[in-house]
Amino acid sequence: MATVEIDALQKHYGRFHALKDIAFTVEDGEFVVLVGPSGCGKSTLLRTIAGLEEVSDGAIRIGGNDVTDLEPRDRDIAMVFQSYALYPHMSVRDNMAFSLNLRKTPQQDIDARVAEAARILGIEPLLERKPRALSGGQRQRVAMGRAIVRHPQVFLFDEPLSNLDAKLRVQMRAEIRALHQRLGATSIYVTHDQVEAMTMADRIVVLEAGRIVQAGSPLELYERPVNRFVAEFIGSPSINLVPATVDGRNLRLPAGAITLPANVSGGSVIAGVRPEDLRPAADGPIAGTVRLVEHLGAETYVLFGDEDRDLSLCWRVGGTPAVEAGDPIRLTTDPSRIHLFHPETGARL
Amino acid sequence: MNLPSETRTGLPAAGPGSAARTRSRAGRRRRRAGDRWFRWALLLPALVVLLVLTVWPVANLVRMAVSTIEFGREGAEFTFTPLRNLSRLAGDELFLTNLWTTALFVVVSVAIEMALGFLLALMVAGVPRAKGLVRTMMILPVLVPPVAIGSMWKLMYNYDFGILNQALGLIGLGPIGWLSEPSLALWSVVLVDVWHWTPFVFLILFAGVEGLPREVIEAARVDGATTAQIVRKIIVPLMAPAIAVAFIFRSILAFKVFDQIYLLTSGGPGTSTEVVSLRLYHVFFGQNELGYGALLSLVIIAAIVAFLVTTRGLVGRFAR
């Protein structure tokens, strides 16, 4: 396994600047997730690391070696694609053995490695089948197996779970994570699903419009988002954002005021409160009328709003609260759980 | 264990329900019979077209092949003489030569067209811009009428003032009798066929290349395959259906080649470019031997089928 260093990477498609000065390091054995909305450049970044896209400027080093201008086959990486990209005319066994055959690995070694990967992934009975005879989850496992047999320095995953149904996605998420812990492989994983990012990553790199916005552990991103974009992107349901004014420690919200733990320079701000940080209070500074109650069993999402101020907010509460659509609602939060953002730049205050 | 019928069906075994069931079974049978007739009625137009346009002409060809046909005042008179045409075929060494010439023509021209068409398809698929324009320009030769192609190439091949001999003259070579040298004439005709039909192969294979899943090829690159290995182990097998279609079309058309050779050499010099279609033309229209011509036609059909059956296996093995 190896470190991956991305240094001042730029990628242009004609006039379009797809990747802007990307720089980060993936430590040996680390599982890093690149996350961001569609079109933010995360897949392009992964493809440049794989060598499937040329970079316009900057450098990529794997295990200390500059691989920027090397072909994918010379980078010692393995990649799992969104569509699995299995060779449709080959059996599962041949799919997994393909790269080893190309490297003229002795047949005994090939058989042993394929058998080992098949055992780890539980696909031994499928080895003689063609990909068309497999379900989505089985194809996913074969794609993983094809990567495992290589014993590469780095694993790259390009939204490998996005074609699976919700239940299988949760299962495969855990399996990929378990596999990573077992192999200790340096892994870079692309997804637009922040739940996947939060549950799988050692470290998350958030991208927006081709630029890294924040990199850190999942909890770091959740607890201290550097700006409004990250705050909105991380966390489900999304953070509530309320226009407010601040004067010293006094934060004036639409329906009342709350005392902040520390002084903040005065003026208009955007106050962010996560739905799970709200709690009912008779004199709470956040108020509205319940619009919809979504019962999920173990918890409930109460969607409420204030039409006068065009606010649409969410309260996430355990169990089943005694509220229904049309009820007035009044909530508060722990002042230390409030995130303040600049109303124009969106930067954290 | 046998269960009472009531338990198995949920209905009592006899009584008014039983009569109703019998009635509904009869109704179902009537509906099924009606459906069957309706299906055949829908198929009828297609069957009529097949009989009139395919079965009847082939049957007529077989009838002609076992007959001696003479034209009298009341039209064609068929005399059943199956052995006459067969014994003539057995001693017809020229037809064997024609078959050999045709086989050479088909194998060489189709092999070159397939290889060139495939390479061009790969190259054009990799063109970053104006791919549509390049593709359109590539297929222009297919659009040229055969008469124009024959005339154009005959001029280019002309011994005295053809552009090919003029070009050779510039470097101190030639002139060459492109169409008059018996050892060269067939290959000159093959060249024209390649020029004419490679775009057709290109067009079919280009559609195949464009439909290849990009991620599969990228996966092969990441797995360590070189470009040649990707072509050999991934692209060719994935394109096997398109390759088979192009190959079958071209082989059948090449077997039946007539116009180009008729216009360029008329089968000469001697019989060096006389393919089976030209021989058929001579037998049918030069010698008025309709019965023997029909027999030769059947032999050609059989030869095409044998060729396709043999080569289908080879193409399949190559694509694996």
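Student: How many Å apart do the C-alpha centres of domain 1 and domain 2 of chain B lie?

Tutor: In this predicted model, the C-alpha centres of these two domains of chain B are 49 Å apart. The domain assignment places domain 1 of chain B at residues 11-58 and domain 2 of chain B at residues 94-319.

Student: Which residues of chain B does the UniProt annotation "domain: ABC transmembrane type-1" cover?

Tutor: According to the UniProt record, an unreviewed entry, this annotation covers residues 99-313 of chain B. A secondary-structure percentage can then be read over that span: residues 99-313 of chain B are 78% helix and 0% strand. The end C-alpha atoms of the same stretch lie 22 Å apart.

Student: How should a pair of packed helices be read, and at what angle do H9 and H12 of chain B pack?

Tutor: One takes the angle first, then the handedness, then the residues in contact. Helix H9 (residues 182-210) of chain B packs against helix H12 (residues 240-255) of chain B at about 155 degrees, and their axes are 9 Å apart. Angles over 145 degrees count as roughly antiparallel, and H9(B) and H12(B) are therefore roughly antiparallel to each other. The crossing of H9(B) past H12(B) is right-handed.

Student: Which residues of H9(B) and H12(B) meet?

Tutor: From H9(B) come Asp193(B), Trp197(B), Val201(B), Ile204(B), Leu205(B), Ala207(B) and Gly208(B). From H12(B) they are met by Ala242(B), Ile243(B), Val245(B), Ala246(B), Arg250(B) and Ala254(B). Sorted by class, this contact holds ten nonpolar residues, one polar residue and two charged residues.

Student: Turning to chain A, how is the chain divided into domains?

Tutor: Chain A has domain 1 at residues 4-233 and domain 2 at residues 240-341. Taken over C-alpha atoms, their centres are separated by 38 Å. Domain 1 of chain A gives four residues to the contact between them, and domain 2 of chain A gives five. The side belonging to domain 1 of chain A consists of two nonpolar residues, one polar residue and one charged residue.

Student: What does the UniProt annotation on residues 4-234 of chain A say?

Tutor: The unreviewed UniProt entry labels residues 4-234 of chain A "domain: ABC transporter". Over this span the chain is 37% helix and 26% strand, with the end C-alpha atoms 25 Å apart.

Student: How are H3(A) and H4(A) oriented to each other?

Tutor: The same order of reading applies. Helix H3 (residues 107-121) of chain A and helix H4 (residues 136-148) of chain A pack at about 140 degrees, their axes being 9 Å apart. That angle is not over 145 degrees, the cut-off for roughly antiparallel, and H3(A) and H4(A) are therefore oblique to each other. H3(A) passes H4(A) in a right-handed crossing. Here Ala117(A), Ala118(A), Ile120(A) and Leu121(A) of H3(A) meet Arg141(A), Met144(A), Gly145(A) and Ile148(A) of H4(A). Six of these residues are nonpolar, one is polar and one is charged.

Student: Finally, how many residues does the contact take from chain B and from chain A?

Tutor: In general, the size of an interface is often given as the accessible area lost when the parts come together. Here the residues are counted instead: the contact takes 14 residues from chain B and 17 residues from chain A. On the side of chain B, the elements giving two or more residues are helix H10 (214-223) and helix H11 (227-238) of chain B. H10(B) gives the most, with seven residues. By class, the side of chain B that touches chain A has eight nonpolar, two polar and four charged residues.

Definitions and conventions
Residues numbered from 1 in each chain as written. Chains lettered and ligands numbered in written order. Predicted model: local features only at pLDDT ≥ 70, side-chain atom pairs only at ≥ 80, totals over all residues. UniProt positions renumbered as here; feature names shortened; annotations may be inferred. Helix = DSSP H or I, 4+ residues; strand = E, 2+ residues; numbered from the N terminus. Contact = placed C-beta atoms within 7 Å. Nonpolar A, V, L, I, M, F, W, Y, C, P; charged D, E, K, R; others polar. Axes fitted to C-alpha atoms, helices over the stretch in contact; angles between N-to-C directions. Parallel < 35°, antiparallel > 145°, perpendicular 65-115°, else oblique. Left-handed = near helix turned anticlockwise from the far one by under 90°. Domains from an automatic or database assignment.
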